[in-house]
Structures are given as structure tokens and as C-alpha cells.
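Visitor: I would like to go through the charged pairs of this chain and ask, for each label, what justifies it. Could you show me the sequence and the structure before we start?

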Amino acid sequence: AVAARVGSDVPFFASGAVAALVTGRGEDVSPLPPPRGSVGVLLVTPGIRLSTADVFAAFDELGEPPSGRVGVTADATAQLAASLAGGMSWEALAESAASLRDANDLWPAAAAVAPELPALREAAERALTRPVLFTGSGATLFCLYPSPGHAVEAGRSFVEHLRPRIADARVAACDLDGPDPA
């Protein structure tokens, strides 16, 4: 209860679970088996400041998602939870990123609050040739790779090719053990 009062994502982190299905306002955490193997995650945190309150206000103002997006999050979440429960590997998770790319219902609201964010995401996808996903209410973007080494290599290439556009961004390649400078 205390964790839920601190923030909606805190109960998950306090649970110690590597993977979980989180429902309600974040207070209901059902641990899932962690994926097998290793994964690389490339994080790109642009110098764009997004207030969670502003993103949720924009979400409320935008109203219902366009008809093509209705149920996208629920379907992607259900499929991901079922795959994890069935023993999904990190490599399979990395390969399923395309199905998760548009699963964050807060993306349109964040893009409305920070109109430069979609252009950065598109540039990142062109440079990385992989789907780029969006964290929570943002503004961090991320890409999944079949290994931490692949993520480090992609991070170096990304910084080299997009340096002028991302001068104020933080870029890190991580595995489950924590950041490894890219």
C-alpha cells in the first residue's frame, strides 16, 4: 500500500519480480517467469522533459484512441504475459518488439506534449533498423537486442550517426546486471 502511494510503478519494483503482469493502478503485481537467456536493451533518454501529469492530461484530452488502436495494448499485454508464462526467451522477446511498438497507449499523448519526440523515434528506427519502443509516460525510448553486446554495438553506432540530433540525450546499453557505457 505504501509503495502504491509513492507511485504506480513502485509496487512492481518493490516486488523484486523480473517480469510481472501489473494491473489496477499498479498495485496488483502478478509475477511471471523471467525470460530465459540474456537480452540487451538500448536506452535513449532525450533531453525532453515530460511531466507524467502533463502526459496524462493530454491523454484525457485526446479521448478514446483511434479505432485502429482500440485493444492494441490489451492484446499485446495478454500475448506477452502468455508468452512469458510459457517460458519465453529474451531473444524471442527481442524479436517480438514489433508487436509491442505501439502497445503503449500514452505514446500519442506524449507525442502531443513533446512534438519533437516522434521525429526522434523515427530517426532512431531508421538508424537502428529495429522497432523503438516507448517507456511509461516517457520520454525514454528503448530497443531490445538478442544480447547485451549487440545493444552496446548499436548504441555506439546510434551515437555516431545521430550525434547532432541527440546532443542532449543520454544513451546507455544495459543487460539485467545494469548499464554498460555505449
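Visitor: Why is Arg101 called partly exposed?

Guide: In this predicted model, Arg101 has a relative accessible area of 24%, and because the partly exposed class lies between 20% and 50%, the label follows from the value.

Visitor: What makes Arg101 and Asp102 a salt bridge?

Guide: The closest N and O atoms of Arg101 and Asp102 are 2.6 Å apart, and since the cut-off is within 4 Å for a side-chain nitrogen of Lys or Arg and a carboxyl oxygen of Asp or Glu, the pair qualifies. Asp102, with a relative accessible area of 34%, is partly exposed by the limits of 20% and 50%.

Visitor: How do you know that Glu125 and Arg101 meet in a salt bridge, and which parts of the chain does the pair link?

Guide: Their side chains come to 2.6 Å, N to O, which satisfies the 4 Å limit. The pair links distant parts of the chain, with Glu125 in helix H8 and Arg101 in the loop between helix H6 (97–100) and helix H7 (107–113), 24 residues apart. Arg101, Asp102 and Glu125 are thereby linked in a network of salt bridges.

Visitor: Why is Glu125 called buried?

Guide: Its relative accessible area is 18%, and buried means under 20%, so Glu125 falls in that class. Glu125 is one of the buried residues of H8, among them also Leu117, Leu120, Arg121 and Leu128. What covers the buried residues of H8 includes strand E3 (40–45), H7, E4, strand E5 (141–145) and helix H9 (148–162).

Visitor: How do you know that the span of H8 agrees with the expected one?

Guide: At 1.5 Å a residue, the 12 residues of H8 should span 16 Å, and because its end C-alpha atoms are 16 Å apart, the two agree. H8 is followed by Thr129, whose phi is positive, near 50°.

Visitor: What makes Arg130 and Glu95 a salt bridge?

Guide: The side chains of Arg130 and Glu95 meet at 3.7 Å, N to O, which is within the 4 Å cut-off. This pair also links distant parts of the chain, Arg130 lying in the loop between helix H8 (117–128) and strand E4 (133–134) and Glu95 in helix H5 (residues 90–95), 35 residues apart.

Visitor: Are Arg130 and Glu95 buried or exposed?

Guide: Arg130, at 18%, is buried, because the limit is under 20%, whereas Glu95, at 54%, is exposed, because that class begins over 50%.

Visitor: How many salt bridges does the rule give?

Guide: By this rule the count comes to 3 salt bridges.

Notes. Residues numbered from 1 in each chain as written. Predicted model: local features only at pLDDT ≥ 70, side-chain atom pairs only at ≥ 80, totals over all residues. Heavy atoms only, no water. Helix = DSSP H or I, 4+ residues; strand = E, 2+ residues; numbered from the N terminus. Buried < 20%, exposed > 50% of the residue type's maximum accessible area, 1.4 Å probe, protein only. Expected span 1.5 Å × (residues − 1). Contact = heavy atoms within 4.5 Å.
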